[in-house]
Amino acid sequence: MTTHSATSGTGAPPGTRPRSSKLAALLGRQPLGIVLAAPYAIFLAAVFAYPLGLAVWISFHDYFFSAPGAQVDRPFVGLDNYKEVLGDPAVRRSFLNVLEFLVINVPLTVALSLVLAAALNGAIRGRSFLRIAYFVPYVTASVALVSVWLFLFSQGGMVNQLLGDLAPKPSWLVNKGLAMPVIAMFVTWKQLGFSVLIYLAALQNVPKELYESASVDGAGQAKSFWHVTVPGVRPATTLVLILAIITGANLFTEPYLLTNGGGPNGASASPVLVMYQKGIEQGSPDTAAAIGVLLVIGVLLIALVNKFLLERE
Amino acid sequence: MTRILRHLVLFIGALLFLFPFYYMFVTSVQREPDTSLAGVFPTGGFTFHNYVQINERINLLQSLANSGIFTGGVLLGTVVFGVLAGYALARLRFRGRGTLFSVMLLVQIVPFQLLIIPIYVMIVRTYGLSDSYLGMILPFAINSTAVFLFRQFFLQLPEDLFSAARLDGAGELRILWSVALPLVRPAMLTAILFTFIGPWNEFLWPFLVTKDADMQPLAVSLANYISNIAGRAANPYGAILAGAVVLAAPAVALFVVFQKHFTTSDIGSGVKG
């Protein structure tokens with residue numbers, strides 16, 4: 001099978017050409033590719049396409065967990081699950097929480113990583129050390145890092161000891177107004193290294209001549225940063241934005257552990273956390289699936305708008 | 001002047017970034033975790049007591065082994081099947097190539113977390129794979145981002161190389177093994193390192209799929225300790241931070257040793273599409 005496919009890729013002998021070109025029309029010029037890509041294609045079908053379809057199906061039915069193989073009736077309920085989800089204050093709260101997360105996380109990430117990347121670009125002493133410092137939170141498990149932040153931001157933790165009388169009451173992680181900002185800060189710190197890398201790569205593509213002509217025109221460092229660097233890395237900014245939105249949509253570990261299951265009155269609950277509580281803890285996977293579908297639609301819409309804005313440039 | 005200022009800002013920022021790691025380690029080897037400013041500097045009460053304590057609560061060795069098997073399974077699947085798929089996507093013309101490529105891009109936009117309910121239904125409820133390594137590994141078995149990176153690596157090789165090898169009569173598998181793979185080996189290490197941190201640090205999925213403590217990866221058992229037991233312990237932070245150090249150490253060590261391989265150009269080639 002493999003040798004046959006491989007030879008058809010190098011060009012079949014003259015006598016068999018008509019047959020192999022028909023085959024080529026059906027399978028492509030190098031059908032071996034189908035064999036090589038098959039495991040990955042099957043994987044995508046099994047753990048991406050099928051679950052996506054199943055999520056939509058579950059969200060339109062009265063679905064509950066049952067023993068494997070048991071025959072149970074799961075009636076079609078139309079948009080009932082969606083109505084229930086959209087009417088649920090806890091769900092609406094969680095979507096607003098992600099918006100709050102993004103409002104803090106996105107500008108901080110873009111500004112800090114762009115400035116850091118610009119500063120790290122070019123000759124600098126201690127490059128390896130700096131690279132390790134800014135990137136090491138990204139490679140470390142959230143569960144491990146959350147532990148330190150719990151220690152730092154607890155009632156009697158070091159941050160409050162430093163602040164003394166200025167310490168917020170109630171303390172950071174049990175404070176309705178502060179739980180989500182602390183999570184947004186944590187994630188910004190943890191993920192920053194990755195966007196620095198993206199910007200560092202993007203900076204390689206900004207033509208040096210632009211900086212030269214800017215300085216000929218009398219632009220200072222700040223001016224040329226604003227008028228050359230910032231527009232020059234715009235595609236990277238779009239990517240950082242999309243990654244931040246995906247991170248926000250995925251948020252689970254931090255609200256679950258850092259704010260003890262979503263903070264006071266769900267002040268820091270994320271949609272995935274609510275999905276987990278409703279779907280797994282309370283055993284109603286149908287409403288949980290509806291939340292998931294709404295989130296997928298939201299993320300895809302934002303990605304499409306981004307793509308549209310980018311391609312219009 | 002601005003050069004010095006730039007260095008100063010970068011180094012102060014770096015120290016701030018590293019501080020939690022330092023604090024995590026220092027506290028984990030202190031007899032009495034101290035939350036005051038004095039706790040930042042080791043007081044001489046050096047001890048491994050916290051490590052012993054966390055090991056009594058969660059079996060560190062077993063948890064590490066579970067993390068290792070989970071991570072190893074994902075790496076094996078990603079490297080074997082991902083390289084084949086990446087090579088096919090980059091170098092072979094076959095029917096369905098465009099579709100597969102589009103789906104691969106889409107997978108990276110639709111976050112995995114959003115699919116947990118149907119995947120949980122499938123793996124835990126339908127196939128009964130809870131508390132098994134297979135159930136843990138399955139949803140991550142081939143990392144799409146890594147496949148994308150593999151494709152980019154193979155795409156960057158000159159076409160002449162491939163036509164020459166084909167003229168010499170080499171089959172595609174032989175070309176992949178003896179020509180293409182050796183040339184992308186350094187870049188391959190990048191993709192493998194990035195794949196490693198995914199399952200090693202993953203929390204939500206193994207948390208859902210394992211209820212048996214003997215099957216839980218370290219991230220899950222440590223998280224369970226934090227949220228269940230720690231509240232009732234008198235001074236839980238020493239033990240928690242000791243567990244955090246054990247969880248963080250392998251990924252951090254790999255990163256520090258191979259940090260040159262976490263290069264911007266490789267990532268850049270990955271994200272530019």
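# Exercises on a predicted two-chain model

A:Pro170 is found in the loop between H8 and H9 of chain A, where helices are DSSP runs of H or I with at least four residues and strands runs of E with at least two, numbered from the N terminus. This is a predicted model, in which local features need pLDDT of at least 70 and side-chain atom pairs count only at pLDDT 80 or more, while totals for chains, interfaces and linings use all residues. Residues are numbered from 1 along each chain as its sequence is written, chains are lettered from A and ligands numbered from 1 in the order written, and side-chain values use heavy atoms, leaving out hydrogens and water.

**Exercise 1. Look at the backbone around A:Pro170 and A:Asn260, and describe the peptide bond of one and phi of the other.**

Step 1: A:Pro170 is joined to A:Lys169 by a cis peptide bond, with omega about -5°.
Step 2: For A:Asn260, phi is near 55°, a positive value in a residue other than glycine.
Step 3: Now place A:Asn260, which sits in the loop between helix H13 (253-258) and H14 of chain A.

**Exercise 2. Find the partner of A:Asp88 in a salt bridge and say which parts the pair ties together.**

Step 1: Search the whole structure for salt bridges (a side-chain nitrogen of Lys or Arg within 4 Å of a carboxyl oxygen of Asp or Glu); there are four over all chains.
Step 2: A:Asp88 pairs with A:Lys278, their closest N and O atoms being 2.8 Å apart.
Step 3: A:Asp88 lies in the loop between helix H4 (80-86) and H5 of chain A, and A:Lys278 in helix H14 (residues 271-281) of chain A, so this pair ties together parts 190 residues apart in sequence.

**Exercise 3. Describe the interface of chain B and chain A, from its contacts to its residue classes.**

Step 1: Count contacts (heavy atoms within 4.5 Å): 97 residues of chain B touch 100 residues of chain A.
Step 2: Work out the buried area, meaning the accessible area (1.4 Å probe) that two parts lose on being put together, summed over both. The result is about 8,700 Å², with 79% from carbon and sulfur atoms.
Step 3: On the side of chain B that touches chain A, helix H1 (residues 2-28) of chain B gives the most, with 18 residues.
Step 4: That side divides into 70 nonpolar, 17 polar and ten charged residues. Here Ala, Val, Leu, Ile, Met, Phe, Trp, Tyr, Cys and Pro count as nonpolar, Asp, Glu, Lys and Arg as charged, and the others, Gly among them, as polar.
Step 5: Finish with salt bridges between chain B and chain A, where the count is zero.

**Exercise 4. Identify what lines the largest cavity, and the class of those residues.**

Step 1: On a 1 Å grid over the protein atoms alone, a cavity is a set of points where a 1.4 Å probe fits but cannot get out; a pocket is an open set with protein on both sides within 12 Å along at least five of seven lines, and lining residues have an atom within 4 Å of a point.
Step 2: The lining consists of A:Val139, B:Leu193, B:Phe196, B:Ile197, B:Ala251, B:Leu254, B:Phe255 and B:Phe262.
Step 3: Helix H9 (172-201) and helix H12 (237-257) of chain B each supply at least two of the lining residues.
Step 4: By class, the lining has eight nonpolar, no polar and no charged residues.

**Exercise 5. Name the helix that gives the most to the lining of the second largest pocket.**

Step 1: This pocket is lined by 43 residues, and nearest its centre lie A:Leu112, A:Val115, A:Leu116, A:Ala119 and B:Leu10.
Step 2: H1 of chain B gives the most, with eleven residues.
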